[in-house]
Amino acid sequence: LKQTLGVISRIRSLKLDTELACDDVLERFRVLDKFSEHVEVPASDRETALALRERWQRVVDAALTKNARLEPIKARFMTVTKGDATAFALETEAALATFTESGPASGVSLEAGLELLEAAKRQLAELGARRDTISQAEMLFGLDVTRYPALGTLSDELERVSFLYDIVTDHYAFVEANSSTLWAALDSTALERGADEMHVRARKVPDDYKTGSTAALAEAVFKEVSSFKASIPLIVKLKNDAMQERHWKKLMKATGIS
């Protein structure tokens with residue numbers, strides 16, 4: 001049914017442009033007729049051109065007739081579509097509530113938040129696809145397209161949260177890259193520079209992210225990055241060439257790590 005209505009809608013939308021195109025073709029042949037002594041026009045082309053307007057009108061009439069016959073069925077489907085839109089609106093509100101109460105910015109650990117973030121992105125994509133399907137059906141049936149403010153809010157909130165978790169992701173990648181480097185090959189200068197850059201990035205998060213629904217997350221991100229930066233001076237000292245084997249033994253004894 002939706003496919004048929006889509007074709008009917010397409011024919012309706014093309015009606016005026018196609019009629020103008022047919023008239024344009026007829027006018028071209030009229031001009032050619034004026035110069036028939038110099039320009040030879042195949043009879044088959046002339047017949048096709050003259051029949052264009054009539055053929056198009058038959059297509060339009062068939063579409064309108066089909067549309068009229070489908071009215072009872074359309075009425076039933078309109079009721080179903082309205083119900084789908086109402087149910088979907090409630091679902092988007094529930095999704096927003098869940099995101100707010102137990103989503104990636106709800107106070108969970110950053111590691112857990114990253115997993116929740118990916119799940120929320122998948123859910124938003126699915127909800128967006130379903131919204132488009134319902135909206136297309138509403139347009140086909142001539143209904144007002146339903147707006148879903150909760151879905152818009154969810155999208156905005158997800159974008160804000162993603163901005164902060166991008167910092168987390170890059171920070172973890174930086175830490176992992178340096179952690180997997182052999183101690184002898186570790187570049188303490190590059191380590192300090194990279195930690196400083198991440199710290200500046202976390203510190204310069206726009207003020208509107210430090211309030212409202214993302215305030216706690218912004219603070220957690222800053223603490224995570226700052227904590228790593230605070231450990232850098234110790235790493236630099238341990239990387240000092242003056243560190244001898246006896247120093248390492250004393251350190252291992254003091255920390256109980258061998």
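Visitor: Hi! Which helix is Glu 19 found in?
Guide: Glu 19 sits in helix H1 of this predicted model.

Visitor: And is Glu 19 buried or exposed?
Guide: Glu 19 counts as buried, because its relative accessibility is 13% and the cut-off for buried is under 20%.

Visitor: What is Glu 19 in contact with, leaving aside neighbours within four places in sequence?
Guide: Glu 19 then has contacts with Arg 53, Trp 56 and Gln 57.

Visitor: How many residues apart in sequence are Glu 19 and Arg 53?
Guide: They are 34 residues apart in sequence, yet 6.8 Å apart in space, going from C-alpha to C-alpha.

Visitor: Okay, new topic. Which residues of H3 are buried?
Guide: Quite a list: Lys 74, Thr 81, Ala 85, Phe 88, Ala 89, Thr 92, Ala 95, Leu 96 and Phe 99.

Visitor: What do those buried residues pack against?
Guide: The buried residues of H3 pack against helix H1 (2–34), helix H2 (43–69), H4 and H5.

Visitor: How far does H3 reach from its first C-alpha to its last?
Guide: H3 covers residues 71–102, which is 32 residues, and reaches 46 Å, close to the 46 Å expected at 1.5 Å a residue.

Visitor: What about H4, how far apart are its end C-alpha atoms?
Guide: They are 45 Å apart, and this agrees with the expected span, because the 31 residues of H4 (residues 110–140) should span 45 Å at 1.5 Å a residue.

Visitor: Which residues are buried in H4?
Guide: Among them are Leu 110, Gly 113, Leu 117, Ala 120 and Leu 124, and further along Ile 134, Ser 135 and Glu 138. Just after H4, Gly 142 takes a positive phi of about 75°.

Visitor: Switching again: at what angle do H5 and H6 pack?
Guide: Helix H5 (residues 149–179) and helix H6 (residues 188–203) pack at about 170°, and their axes are 11 Å apart. H5 is therefore roughly antiparallel to H6, since angles over 145 degrees count that way.

Visitor: Which residues make the contact?
Guide: From H5, they include Asp 166, Ile 167, His 171 and Phe 174, and from H6, they include Leu 191, Gly 194, Met 198 and Arg 201. The residues of this contact divide into seven nonpolar, three polar and three charged.

Visitor: Last one: which elements have the lowest and the highest mean pLDDT?
Guide: Helix H8 (residues 245–255) has the lowest, at 62, while H4 has the highest, at 95. The protein chain has a mean pLDDT of 87, with 91% of its residues at 70 or more. Where pLDDT is low, the predicted coordinates should not be read in detail.

Conventions:
Residues numbered from 1 in each chain as written. Predicted model: local features only at pLDDT ≥ 70, side-chain atom pairs only at ≥ 80, totals over all residues. Heavy atoms only, no water. Helix = DSSP H or I, 4+ residues; strand = E, 2+ residues; numbered from the N terminus. Expected span 1.5 Å × (residues − 1). Buried < 20%, exposed > 50% of the residue type's maximum accessible area, 1.4 Å probe, protein only. pLDDT = per-residue confidence, 0-100. Axes fitted to C-alpha atoms, helices over the stretch in contact; angles between N-to-C directions. Parallel < 35°, antiparallel > 145°, perpendicular 65-115°, else oblique. Contact = heavy atoms within 4.5 Å. Nonpolar A, V, L, I, M, F, W, Y, C, P; charged D, E, K, R; others polar.
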